[in-house]
Amino acid sequence: MKSLMILFFVLIFGSTLAQNTAEKSAIEKTVKSFAKAGDAQNVDALKNVTHDQYRLVWYGGTDAPFIADRTAFLSQFEKKEWGGDKRKVDVHSIEIFDGVNAIAKVTSDGMKAQMRSMFSLIKVEGEWKIIGELV
């Protein structure tokens with residue numbers, strides 16, 4: 001009986017660990033797709049990985065923070081005022097909460113900009129969407 005309980009625990013733990021690894025991989029893919037779309041100024045691809053309620057908060061510690069909703073954010077790429085870079089993106093950590101909420105700590109380094117960001121993601125209809133970015 002004891003060995004059966006241990007086997008059950010190992011199977012459940014292994015399954016949970018594999019699922020968590022798959023979710024983290026999906027989140028990392030979403031974040032890197034976001035960066036790639038921004039670099040390419042591909043508004044359709046940005047729409048695909050962001051939630052309708054997406055918000056960008058950019059704060060350098062001095063003046064008031066710059067806050068943009070999804071429409072204002074996307075318009076910067078449509079006007080070619082943002083993007084057009086080729087960045088190296090590193091995802092340093094991912095935390096998942098309740099299987100449907102996550103945060104990712106990311107750095108991106110390019111010729112035009114270097115950023116440290118915290119992404120907030122939610123899982124909607126089986127897909128991870130970026131709902132917020134704090135730069």
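**Entry 1: Arg-70 and its partner**

I looked up Arg-70 and found that its relative accessibility is 14%, so it counts as buried, the limit for that class being under 20%. I keep in mind throughout that this is a predicted model. I then asked which residue Arg-70 meets in a salt bridge. The partner is Asp-52, and the N to O distance between the two side chains is 2.9 Å. Because Asp-52 belongs to strand β1 and Arg-70 to helix α3, the pair ties together parts that are 18 residues apart in sequence. Asp-52 itself counts as exposed, since I read its relative accessibility as 55%.

**Entry 2: other salt bridges**

Searching the whole structure, I found six salt bridges, and I followed up two others. One of them joins Glu-28 to Lys-32, with 3.1 Å between the closest N and O atoms. Both residues sit in helix α1, and because they are four residues apart there, about one helical turn separates them. I noted Glu-28 as partly exposed, at a relative accessible area of 29%, and Lys-32 also as partly exposed, at 36% relative accessibility.

The other links Glu-127 with Lys-129, whose closest N and O atoms are 3.7 Å apart. Here I recorded a partly exposed acid, Glu-127, with a relative accessible area of 42%, and a buried base, Lys-129, with a relative accessibility of 14%.

**Entry 3: the second largest pocket**

Glu-127 and Lys-129 came up again when I listed the lining of the second largest pocket, where Trp-128 and Asn-48 are also among the residues. I noted a volume of about 210 Å³ for this pocket. Which elements each supply at least two residues of its lining? They are α1, α2 (43-49) and β6 (127-134), and the largest share, six residues, comes from α1. Among the lining residues I also wrote down Ala-26, Lys-29, Thr-30, Ser-33, Phe-34 and Ala-37. Sorted by class, the lining holds six nonpolar, three polar and three charged residues.

I looked at Asn-48 separately, finding it in helix α2 and partly exposed, with a relative accessible area of 48%. Its C-alpha atom is separated by 8.1 Å from that of Lys-129, although the two residues are 81 residues apart along the chain.

**Entry 4: the largest pocket**

I next turned to the largest pocket, for which I noted a volume of about 410 Å³. Its lining is made up of 26 residues, and those nearest the centre are Trp-58, Phe-77, Gly-83, Arg-87 and Met-115. Two or more lining residues come from each of α1 (2-39), β1 (50-58), α3 (70-78), β4 (101-109) and β5 (114-124). Which element gives the most to this lining? It is α1, with five residues. I counted the lining by class as 15 nonpolar, five polar and six charged residues.

**Entry 5: a nonpolar surface patch**

Last, I looked up nonpolar side chains on the surface and found a patch formed by Phe-97, Ile-103, Met-118 and Leu-134, which together have about 320 Å² of accessible area. Of these I checked Phe-97 further, placing it in strand β3 (residues 88-97). Phe-97 counts as partly exposed, because its relative accessibility is 39%, and this value meets the requirement of over 30% for patch residues.

Conventions. Residues numbered from 1 in each chain as written. Predicted model: local features only at pLDDT ≥ 70, side-chain atom pairs only at ≥ 80, totals over all residues. Heavy atoms only, no water. Patch = residues over 30% accessible without salt bridge, like charges linked within 9 Å, V, L, I, M, F, W, Y side chains within 5 Å. Areas by Shrake-Rupley, 256 points an atom, 1.4 Å probe, with all protein chains shown as cover. Salt bridge = Lys/Arg side-chain N within 4 Å of Asp/Glu carboxyl O. Buried < 20%, exposed > 50% of the residue type's maximum accessible area, 1.4 Å probe, protein only. 1 Å grid on protein atoms, 1.4 Å probe; cavity = no way out; pocket = protein on both sides within 12 Å on 5 of 7 lines; lining within 4 Å. Points joined across faces, edges and corners; volume = space filled by probe spheres on them. Nonpolar A, V, L, I, M, F, W, Y, C, P; charged D, E, K, R; others polar.
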